[in-house]
Amino acid sequence: MRNIALSLQYKGSLYHGWQTQENAVTVQQLLEAAIQKVCAECVAVHGCGRTDAGVHALNYVCNFNSQTKIPDEKIPFAINCVLPDDIRIMTAKTVDDGFHARFSIKKKRYIYKILNSVHSDVFMKDLAWHYRRNIDMENVKRACDAFLGEHDFSAFCASGAQTNTHIRTIYSLDAQKENDVITIDVCGNGFLYNMVRIIAGTLAYVGDGRIDADDVPAIIESRDRRLAGITAPACGLYMAGAYYDFDIFEG
C-alpha cells in the first residue's frame, strides 16, 4: 500500500469548498471519484485543510493510500484526464507512511486579492474582491505589523468556529499593489474560521480610513469581533502553500 501525496490547483468558484458534503459538489468529492475511476479502488483523500465555497487554491496538498501501480510521474496525467478542467493535479509523490496532509503540516500560506478600481474587470470576476473605495497602501502596510507574532485572534474569527483555542502565530503579513490589484500575503501556523478574510476586510477598512491603523493592536487585544472589519468575500481568497518539515515533492 502506497501513501501518495498530491499538490493541486483549483478554481473554487463552482464548488462548495474542499470537504465532501451532502447535496453539494466539492473538490474532495470530485477528486476521490476521479481516483476511484483511474485506480479502480475507493480511497479517502486527506486534505491539508478546509477551504470554503468559492475559495481557490494555488498549491493545495492532500494524500491518500492506494495499491495502484501507476508511477508517481504518471499519476497527474492519468487523474487529470477525468477531472474537470478547473481542478488540476500538479505533482504526485509516494511518501512516508506517517505523512498526513493535515496532521503533519507546520504552517500555511494564503493570499487575498482585492481589485481596487472604480469599475470591475470582467476577467477577474470571481477571482478578486472588487473594492471601489480608494485604499491607502501606506496605512495598510503600517497595520500589517500589528498582526505579527502570537496573539489571541478572537476578534478575527467568525462565529460558529469549533476550536479549542483562538491563539495563532502569524509569521509574515505583507500587502502589495500592482496596477489596480492589491495582494495580501499571510503565513502562519494555522488560521481560525474566516480569519484571513476578516484580516483582509480589516485592512481594506484601514486603507479607506474607516479604521485607524494605530487602532489595530487594540482591536486584536480586545478579542471583540465587532471591532474588526467585515469578512471579505470568498472569491478573493487563495490557499497558496502548505509547509512541512521537509519538501515532500523534492527529488
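## Threonine 94 and its contacts

Two residues are in contact here when they have heavy atoms within 4.5 Å of each other. By that yardstick, and leaving aside neighbours within four places in sequence, threonine 94 is in contact with Arg2, Asn3, Ile4 and Asp72. Keep in mind that this is a predicted model.

Threonine 94 sits in strand E4. Its relative accessible area is 31%, so it counts as partly exposed. Asparagine 65 is 29 residues away from threonine 94 in sequence, and the two C-alpha atoms are 9.4 Å apart in space.

## Helix H1: one side in

Helix H1 runs over residues 27-39. At 1.5 Å a residue, its 13 residues should span 18 Å, and the end C-alpha atoms are indeed 18 Å apart.

Which residues of H1 are buried? They are Val27, Gln28, Leu31, Glu32, Ala34, Ile35 and Cys39. These cover an arc of only 160 degrees around the axis, which puts them on the same side of H1. That fits the usual helix geometry: with 3.6 residues a turn, residues three or four places apart point the same way. The buried residues of H1 pack against strand E1 (2-10), strand E3 (56-66), helix H2 (75-80) and strand E4 (87-95).

## Helices H3 and H4

In H3, the buried residues are Met137, Val140, Ala143 and Cys144. Looking down the axis of H3, you find them within an arc of 120 degrees, so they line one face of the helix. Their cover includes E8, strand E9 (181-188), H4 and helix H5 (216-222).

H4 is mostly covered, with 13 of its 13 residues buried. Its length checks out too: 13 residues at 1.5 Å each should give a span of 18 Å, and the end C-alpha atoms are 18 Å apart. Glycine 209 follows H4 and has a positive phi, near 90 degrees.

## Phenylalanine 147

Phenylalanine 147 lies in the loop between helix H3 (137-144) and strand E7 (149-152). Is phenylalanine 147 buried or exposed? Its relative accessibility is 0%, so it counts as buried.

Not counting residues up to four places away in sequence, phenylalanine 147 touches Phe153, Phe156, Ile170, Leu173, Ile199, Leu203, Val216 and Ile220. Glycine 190 is 43 residues from phenylalanine 147 in sequence, with 13 Å between their C-alpha atoms.

## Two loop residues with positive phi

Aspartate 126 has a phi near 70 degrees, a positive value in a residue other than glycine. You'll find aspartate 126 in the loop between E5 and strand E6 (129-130). At 34% relative accessible area, aspartate 126 is partly exposed.

Asparagine 194 isn't a glycine either, yet its phi is positive, at about 65 degrees. This one is in the loop between E9 and H4. With a relative accessible area of 13%, asparagine 194 falls under the 20% cut-off, so it is buried.

## The largest pocket

The largest pocket holds about 1,200 Å³ of space. It is lined by 39 residues, and the closest to its centre are Gly49, Arg50, Arg102, Lys108 and Phe191. Strand E2 (46-47), strand E5 (107-115), strand E8 (167-178) and helix H4 (195-207) are the elements that give two or more residues to the lining.

Which element gives the largest share of that lining? That's H4, with three residues. Sorted by class, the lining has 17 nonpolar, 16 polar and six charged residues.

Note on methods
Residues are numbered from 1 along each chain as its sequence is written. This is a predicted model: local features need pLDDT of at least 70, side-chain atom pairs count only at pLDDT 80 or more; totals for chains, interfaces and linings use all residues. Side-chain values use heavy atoms; hydrogens and water are left out. On a 1 Å grid over the protein atoms alone, a cavity is a set of points where a 1.4 Å probe fits but cannot get out, and a pocket is an open set with protein on both sides within 12 Å along at least five of seven lines; lining residues have an atom within 4 Å of a point. Grid points are joined across faces, edges and corners, and a volume is the space filled by probe spheres set on the points. Helices (H or I, at least four residues) and strands (E, at least two) are DSSP runs, numbered from the N terminus. Ala, Val, Leu, Ile, Met, Phe, Trp, Tyr, Cys and Pro count as nonpolar, Asp, Glu, Lys and Arg as charged, and the others, Gly among them, as polar. The expected span of a helix is 1.5 Å times one less than its number of residues. Buried means under 20% relative accessible area, exposed over 50%, partly exposed in between (1.4 Å probe, protein chains only). The arc is that of the directions from the helix axis to the C-beta atoms.
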